[in-house]
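Hi,

Here is the structure I promised to pass on. Have a look at it first, and then read on for what turned up in it.

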Amino acid sequence: MTVPLPPLPPTADDAYRPGGRSLADLVDREHRALLGLAAQVTDAGLEPARRREVLDVLTAAVSRHLSAEEQYLFPAARAAVPESAELVDREIEADAALLTALKGLSGPDDPGLADVAERVRRHVGRVAALVTPLREVASDAELIRLGNRWEIAEEAAPTRPHPGTPATPPWNKIVEPAVGVLDKVRDVVTGRRTRLADLERPRDL
């Protein structure tokens, strides 16, 4: 075992392949979605109301993504690829800066929006440098099991930026779900859109 995960069932062997999606594939897919949202939110032709909705979804997507990343991708990279530890430390700092920049936006016309979009783009490039070597050393089963935990973590994650919360286990696995509950209550009360699919449905539904 090269990455820190709970043990497999006693009947499992080297050929065991759990169901689910690989963490590497999930990260790649989400990165493409984040890049698309960053491009949309900085489109000068986008009407203000629509930009507000896209910004809400981008903010929620980034918040969920970084939470899962810090809970599972970073610890796995540290354990499986020890030479990546310095990159992980730098990325944790960059994640906090991105969340701070998101939290500081006053609205869809804030001039800091371009900076947020650029931070998202830089994030995607940097994290790819962590995922590539992890994919090379971790087994398919390990990556799928990490992917399963990633998806569970995202479901419980905050949907708003909280740059002051713990960024490393075990405390982030305790604090972030609790903060996420409060965020989701606020989202329901305000009718805030938080997922890509929400952008595709009419506002009056």
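The pLDDT is the predictor's confidence in each residue, on a scale from 0 to 100. Please keep in mind that this is a predicted model. The average pLDDT over the chain is 91, and 91% of the residues reach at least 70. One stretch to treat with care is residues 8-13, where the pLDDT is below 50. Beyond near neighbours in sequence, that stretch makes 2 contacts in the model. Where pLDDT is low, the predicted coordinates should not be read in detail.

Now to the annotation. UniProt, in an unreviewed entry, lists residues 24-124 as "domain: Hemerythrin-like". In the model this span is 81% helix and 0% strand, and the C-alpha atoms at its two ends are 13 Å apart.

Two spots may interest you. The first is Ser 84, which sits in the loop between helix H2 (48-80) and helix H3 (85-103). Is Ser 84 buried or exposed? Its relative accessibility is 4%, so Ser 84 counts as buried, the cut-off being under 20%. Leaving aside residues up to four places away in sequence, Ser 84 touches Ala 77, Arg 78 and Leu 130.

The second is Val 185, found in helix H6 (residues 171-190). With a relative accessible area of 48%, Val 185 is partly exposed, because this value falls between the 20% limit for buried and the 50% limit for exposed. Together with Val 181 and Val 189, Val 185 makes a nonpolar surface patch of about 290 Å².

Happy to talk it through whenever suits you.

Best wishes

Key: Residues numbered from 1 in each chain as written. Predicted model: local features only at pLDDT ≥ 70, side-chain atom pairs only at ≥ 80, totals over all residues. Heavy atoms only, no water. Patch = residues over 30% accessible without salt bridge, like charges linked within 9 Å, V, L, I, M, F, W, Y side chains within 5 Å. Areas by Shrake-Rupley, 256 points an atom, 1.4 Å probe, with all protein chains shown as cover. Salt bridge = Lys/Arg side-chain N within 4 Å of Asp/Glu carboxyl O. Helix = DSSP H or I, 4+ residues; strand = E, 2+ residues; numbered from the N terminus. Buried < 20%, exposed > 50% of the residue type's maximum accessible area, 1.4 Å probe, protein only. Contact = heavy atoms within 4.5 Å. UniProt positions renumbered as here; feature names shortened; annotations may be inferred.
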